[in-house]
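Biologist: I have a model open beside my sequence, and I would like to learn how to read it. Could you walk me through some of its features?

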Amino acid sequence: MSATKILGLVRFRNLRTRLTVVYMGLFGLALLLAAIAVVTAVTNSAQRVVRDEMTAAGAVYSQLWTARSSQLQQGAGVLAQDYGFREAVATNDEATVRSALDNLRARQGVDGALILGVDGYATTTGLALDDAALDRLFTGLESGQIESGVLAIDGQAYQVVAAPVNAPVLIGWVVFAERLDAAQMRNLEQLSAIPLSAAVVLNRVSAPTGDGPITVRTPDGPSMRLDRPLPSFDKAAPADLVLTYPLKRAMRPYEALFWWLAAIGVAGLALLMGGTWALSRGLTRPISALDEAVHRLQQGDYVEAPVTSADEIGRLAASFNAMVGDLRDREARLTHMALHDQETGLPNRLSLERQAAAQADAWVVLFGVDRFEVVRNAIGYDSMARLLAALGGRLSALADGAPMARVGAGALGLVIVAADEAEAVGIATRLAEAAQAPLMINGAPVDIALTAGVAGRGAASSDLASPVDRAAIAVDQARAARRMVAAFDEAAYGDPGDNLSLISELMTALRDGDVTLAYQPKYDFRAERITGVEALMRWSHPRRGFVPPDLFIGMAEETGHIRPLTEWAIRRAIADQKTMAAAGHVLTVSVNISGRLLSDESFADFALAEVAASAADLCFEITETAVMDNPELALHIIARFAEAGIAVSLDDYGAGLSSLTYLKQIRADELKIDKSFILGLDQSSRDALLVKSTIDLAHSLGLKVTAEGVETPTALALLRGMGCDMAQGYLIGRPVALALLTEQLAAPVVELDLARQA
Ligand code: C2E
Ligand code: CA
Ligand code: CA
């Protein structure tokens with residue numbers, strides 16, 4: 001197993017502990033290896049000293065042995081050649097022999113002396129020779145193989161030396177015996193520089209070691225031992241000089257050194273532990289701080305990690321901080337985007353709804369820029385965005401910094417605080433009036449008119465839960481009522497569920513003849529007479545009475561029932577045109593065609609077939625009530641109408657979704673300026689300017705212009721002055737049933753009046 005694997009097994013939650021333990025382990029290991037090396041070197045050198053010393057001691061002993069042997073042998077030889085002594089031996093004069101032996105023993109300083117006859121008889125002094133020893137001695141001497149060696153007497157080793165006594169033939173041996181006792185061994189031990197222990201061992205158990213000592217195990221631990229064989233009188237039991245020296249003793253001088261080494265090791269280890277702990281603290285503290293910062297980042301908390309150094313960790317922390325900064329910026333941008341309108345940079349609807357939800361007595365006031373599309377077409381998209389931004393700022397400032405937002409193309413919202421609806425409407429009126437002053441855009445003043453809708457927070461029906469939605473409806477309601485400010489009127493808005501049943505009732509009404517067409521005259525300025533009529537649908541509901549076409553037409557469009565209604569209207573209009581012609585009134589009849597039907601080619605087939613069959617002179621007023629899903633198809637269908645000789649009129653210009661881009665592409669004959677511009681024509685110079693520029697624009701595109709909603713002679717005169725082609729409105733005639741229209745047309749008063757006024 002590799003070191004990394006082993007370290008891997010030890011799991012630490014804490015980097016610092018891990019670093020400390022790993023360093024300690026490595027240092028400890030290095031220390032251990034060094035210690036082993038030192039101890040081995042010291043031990044080896046100590047052993048070498050001991051070995052040399054023992055080898056020397058063994059050699060010295062051998063020399064001593066030999067020297068003593070020859071010394072004793074000399075003494076024995078002198079006695080053996082002494083004539084008197086030989087005679088005493090030969091004559092068995094024991095007293096003389098014994099006295100001579102004693103004499104010599106004392107002189108030589110040996111323990112025992114004896115004379116051993118060839119007959120095996122011994123005269124002994126100084127020691128008691130047992131039979132077994134005598135036997136071994138005799139056997140050894142008689143065989144002539146040994147004259148000096150170790151002899152065991154009573155289990156005790158003796159150095160024994162013999163000299164033959166010849167008279168002249170061998171009659172015996174003079175023998176000296178010296179005990180190889182502890183005192184003798186002590187002398188030997190003292191010869192050595194090291195305190196080894198020496199002993200002569202009989203009946204050796206292990207083979208002699210030769211000249212060099214070996215290491216053996218003893219109860220005292222490992223020891224050095226040298227076995228040197230000594231000549232022995234007993235072949236069966238050889239004798240050895242055994243020198244031993246416990247290694248423990250050899251190591252004793254180094255013990256202090258070892259203790260010092262151990263102490264230094266422990267101190268080093270402790271120092272290292274402290275140092276590593278402190279160092280790793282310095283290392284791991286920034287990592288821990290970074291770890292903590294990452295952890296908090298996961299919980300969405302954008303904290304920065306402290307940058308404490310210029311090294312990798314410091315750079316890592318700096319990068320982390322940069323990343324956190326980026327994330328924070330990005331999130332701020334996203335939040336900003338989610339809550340702001342891209343075009344104007346103003347807060348958006350979501351932001352306003354949040355503000356409204358945050359306050360208990362909050363009211364939402366929505367300011368609709370009147371005739372938004374027309375103004376935008378006149379000044380351009382960029383300037384319009386700037387205008388809205390400036391208007392938002394102005395509104396917010398007027399309302400003491402109340403939360404403000406852009407909530408629709410031409411709608412800005414405010415959240416105000418008011419005790420009740422009356423107060424809210426009062427504030428809204430004051431604000432709308434104050435905000436209407438012209439705004440400077442690109443150095444030129446731009447007039448704006450505002451209509452405001454007010455709605456409170458109170459829960460309305462579920463699909464109108466947002467006060468912003470209700471305020472938007474209130475804007476429509478205000479415009480319909482021709483008021484500047486209105487509060488949301490839920491009753492007037494009606495119940496969407498109730499309205500749904502209207503659709504099925506409408507289809508029944510169509511069958512039952514409850515739906516009729518009313519006709520409103522169109523006055524031609526150049527011809528100075530009525531040249532056409534617009535067919536407008538009327539439904540008198542048996543229970544509800546008059547149902548406004550804006551309501552049921554819109555619903556029929558939404559629910560996909562507009563086609564049968566329109567087909568019916570075309571047939572009816574064609575039939576009524578014939579009736580009118582028969583009465584002497586040749587008039588172009590305008591039929592309203594919902595923009596939705598312009599994505600239905602089979603409807604176009606129907607309409608063209610009807611027109612072709614009847615040779616009717618029709619005008620189709622295209623009401624752009626909804627965004628056309630397929631503009632290309634719509635343009636194609638309009639072109640088919642134009643080719644079939646049907647005049648095409650673009651209805652409600654300025655109120656719907658009309659845009660200049662469209663105008664250029666559509667093969668239209670007529671542009672109908674929405675009545676909202678015409679109604680205020682005689683009061684507002686701004687409207688006059690817009691109408692004039694629209695007329696000029698339409699003419700430059702080759703379109704005739706009809707103004708609808710002409711209620712006053714002043715408006716009529718103004719329009720004539722602007723070069724408008726046709727006029728339609730209550731001044732000229734209200735939408736009336738066919739019979740009444742024929743009656744009115746028969747009376748020349750209308751035409752005369754108009755001609756005169758103009
Ligand atoms: P529109 O096509 O713009 O029709 C003109 C509307 O202005 C008519 O409202 C008319 O009564 C009204 N009006 C005419 N002169 C004046 C005036 O001097 N002052 C004022 N204040 N109003 C005037 P009406 O009849 O309520 O029709 C509303 C809308 O319903 C029409 O607007 C048209 O979009 C739609 N509509 C009516 N009949 C049909 C139809 O047969 N087919 C389709 N698709 N839409 C229809
Ligand atoms: Ca119309
Ligand atoms: Ca219209």
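Modeller: Gladly! One idea to begin with: an axis is a line fitted to C-alpha atoms, for helices over the stretch in contact, and angles run from 0 to 180 degrees between N-to-C directions. Please keep in mind that this is a predicted model.

Biologist: How is a pair of packed helices described in general?

Modeller: Two numbers do the job: the angle between the axes and the distance between them. Here, take helix α3 (residues 83–90) and helix α4 (residues 94–108): their axes come within 8 Å and cross at roughly 135°.

Biologist: Which word fits how α3 and α4 lie to each other?

Modeller: Angles over 145 degrees would count as roughly antiparallel, and 65 to 115 as roughly perpendicular. The crossing is at roughly 135°, and therefore α3 and α4 are oblique to each other. As for handedness, the crossing of α3 and α4 is left-handed.

Biologist: Which residues make the contact?

Modeller: On the α3 side you will find Phe85, Ala88 and Val89, and α4 contributes Thr96, Val97, Ala100 and Leu101. By character, the residues of this contact are 6 nonpolar, 1 polar and no charged.

Biologist: Now the sheets, please. In what order do the strands of the open sheet come?

Modeller: To read a sheet, follow which strand pairs with which. In this one, 5 strands are ordered β2-β1-β5-β4-β3, with antiparallel pairing. At the edges sit β2 (122–125) and β3 (148–153), each of which pairs on one side only. Neighbouring strands here are turned by 25° against each other on average, ignoring direction.

Biologist: How many bridges join β1 to β5?

Modeller: Strand β1 (residues 112–117) and strand β5 (residues 170–179) run antiparallel and are joined by 6 bridges. You can locate one pair on screen: isoleucine 115 has valine 174 of β5 as its bridge partner. Our helix α4 returns here too, packing on the sheet, where α4 touches β1, β2 and β5. The direction of α4 makes about 45° with that of β2.

Biologist: And strand β9: how many of its residues are buried?

Modeller: A residue counts as buried under 20% relative accessible area. Strand β9 (residues 239–246) has 7 of its 8 residues buried, so by that cut-off β9 is mostly covered.

Biologist: Which strands pair with β9?

Modeller: Among them is strand β6 (residues 197–202), which pairs with β9 in the antiparallel sense over 6 bridges; there, alanine 198 stands opposite leucine 243. Strand β8 (residues 221–230) also runs antiparallel to β9, with 8 bridges joining them. In that pairing, methionine 224 has tyrosine 245 of β9 as its bridge partner.

Notes:
Residues are numbered from 1 along each chain as its sequence is written. Chains are lettered from A and ligands numbered from 1 in the order in which they are written. This is a predicted model: local features need pLDDT of at least 70, side-chain atom pairs count only at pLDDT 80 or more; totals for chains, interfaces and linings use all residues. Side-chain values use heavy atoms; hydrogens and water are left out. Helices (H or I, at least four residues) and strands (E, at least two) are DSSP runs, numbered from the N terminus. Angles under 35 degrees count as roughly parallel, over 145 as roughly antiparallel, 65 to 115 as roughly perpendicular and the rest as oblique. A crossing is left-handed if the near helix is turned anticlockwise from the far one by less than a right angle, and right-handed if clockwise. Contact means heavy atoms within 4.5 Å. Ala, Val, Leu, Ile, Met, Phe, Trp, Tyr, Cys and Pro count as nonpolar, Asp, Glu, Lys and Arg as charged, and the others, Gly among them, as polar. Buried means under 20% relative accessible area, exposed over 50%, partly exposed in between (1.4 Å probe, protein chains only). Two strands pair if DSSP finds at least two bridges between them.
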